[in-house]
Amino acid sequence: MNLLEYVAKEILAREGVPVPQFGVASSPDEAFDVAVKLNKTPLVVKAQIAAGGRGKGRFADGYEGGVKICKTTEEVREVAAKMLGGILVTAQTGPVGQPVRKVIVTESVNIVEEIYLSLTYSYSEAAIWVMGSRLGGVEIERIALENPQAFVKKTFLLDQPLWDFQLREFGAQLGFKSKSLVDFSKILKSLFQAFIKHDATLCEINPLAIDRENRFWALDAKISIDDNSLFRHDGLSTYRFETVYDSQELEALSHGVNYVGLDGQIGCLVNGAGLAMATMDILARFGGRPANFLDVGGGADQNQVEKAFRVLLSHPNLKVILINIFGGIMRCDLIAEAIVEATKKQPLHVPLVIRLEGTRVKEGKEILEKSSLQYVFAEDLEEAAKKAVNLVEK
């Protein structure tokens, strides 16, 4: 789960990273109130979306830039009005863009230098990978490609304590000295604390700015949380819906189902992420295009499967549904009952191809046979994929 900038900054501030004062707003009037409360000028208004490149982005209505410097509180209100409710397109959003539901209003910093700093995992080394550069800022991706020597990289082993000398050693490799080295080491230590405490897969500050008084400021922040750890972070789970913009994905997420919408015509309902990927691959092999990735998981109940099936039916390009279930913990009879119940409440308007195998498959088939449901049965995945593709082409 990716956190929006304002949430990431709140986390970093709690861990001791210096963050400029800011407030969050969902309306132009709220933005104005934040600006008045900050009582400083100039101020910066930043659109909150889950993608980078906002400063150079463009709104669908032609308004330029998702990051604006404002000289007055009234200008903050005007800029917020132009951003909120708009669709911001950046190099990372693709042409569709993302809607702006919130902005942050933050005090401006006189920047002398911009630094890049991040933590992530090195899975091959079972370690935390720290990366930093004195050439941080908006062009960091280009710099990484054209001048990788500008980055300092170091791994920290997970089963060994984090020593202050290691942090200072990393800061010294970036060229920091005396007080700047001490201050930078403290920030890096705080970043480590945020990374570990929140089960993050990425903690990034870009830029970590140095102002004219030689003070450090985290001007932007990105944190990604391991979804599998969310049960340990109730406070963070509430932010999960902020970065999901597709209505079908939102509905599926609200029922605990993993769903990603695609632009194909064959809706897929599968249990297990690996089997879902294999289903999509074999469809592509036979010339089909999946309309979605949908994994109901191994522990879904009948209600969740029914909801997932209804999400499938709402896809605008849908021409065929392929159900591919390999029953383990997930029983085939439960799947069959859920499909029958779902189609009673929302009649099927496209052909249905079903492949069932595994736990209680005999009972599952009996439920389907006794129902009034019209479907095509397949004995294995290859046969199911071929039948689904053929039905699309008819």
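These are my notebook entries on a sheet, two nonpolar cores and some salt bridges in a predicted model.

**Ground rules.** I worked on a predicted model, where local features need pLDDT of at least 70, side-chain atom pairs count only at pLDDT 80 or more, and totals for chains, interfaces and linings use all residues. Residues are numbered from 1 along each chain as its sequence is written, and side-chain values use heavy atoms, with hydrogens and water left out.

**Entry 1, the sheet.** I took helices (H or I, at least four residues) and strands (E, at least two) as DSSP runs, numbered from the N terminus. Two strands pair if DSSP finds at least two bridges between them. In what order do the four strands of the open sheet stand? I read β1-β7-β2-β4, with antiparallel pairing. At the edges are β1 (22-25) and β4 (67-70), each of which pairs on one side only. From one strand to the next, the twist averages 20°; for angles, axes are lines fitted to C-alpha atoms (for helices over the stretch in contact), and values run from 0 to 180 degrees between N-to-C directions.

I then looked at β1 and β7 (residues 103-107), which are joined by four bridges and run antiparallel. F22 stands opposite T106 in β7.

**Entry 2, helices on the sheet.** Helix α1 (residues 5-14) packs on the sheet and touches β1, β2 (43-47) and β7, contact meaning heavy atoms within 4.5 Å. The direction of α1 makes about 145° with that of β1. Helix α2 (residues 28-38) lies across β1, β2 and β7, and runs at about 15° to β7.

**Entry 3, the cores.** I counted as buried any residue under 20% relative accessible area, as exposed any over 50%, and as partly exposed those in between (1.4 Å probe, protein chains only). A nonpolar core is a set of buried Ala, Val, Leu, Ile, Met, Phe, Trp, Tyr and Cys residues joined through side-chain atoms within 4.5 Å. The largest such core has 42 residues, and L117, F184, L188 and I223 have the most contacts inside it. Which helix gives the most to this core? It is α6 (residues 178-197), with eight residues. Beyond its neighbours within four places in sequence, I223 touches several residues, including M1, L3, I11 and C203. A second, separate core has 33 residues, among them Y259 and V350.

**Entry 4, salt bridges.** Side chains of opposite charge can pair when their charged atoms come close. My rule was a side-chain nitrogen of Lys or Arg within 4 Å of a carboxyl oxygen of Asp or Glu. By this rule I have 30 salt bridges.

D220 and R54 form one of them, at 2.9 Å from N to O. D220 lies in the loop between β12 (216-218) and β13 (221-225) and R54 in the loop between β2 and β3 (58-59), so this pair ties together parts 166 residues apart in sequence. Both D220 and R54 are buried. They also belong to a network of salt bridges that links E5, K9, K46, R54 and D220.

E242 and K102 form another, with the closest N and O atoms 2.8 Å apart. Is E242 buried or exposed? E242 counts as buried because its relative accessibility is 16%, whereas K102, at 24%, is partly exposed.

E306 and R310 meet at 3.5 Å, N to O. They are four residues apart in helix α10 (residues 302-313), so about one helical turn separates them. E306 is buried at 7%, and R310 is partly exposed at 22%.
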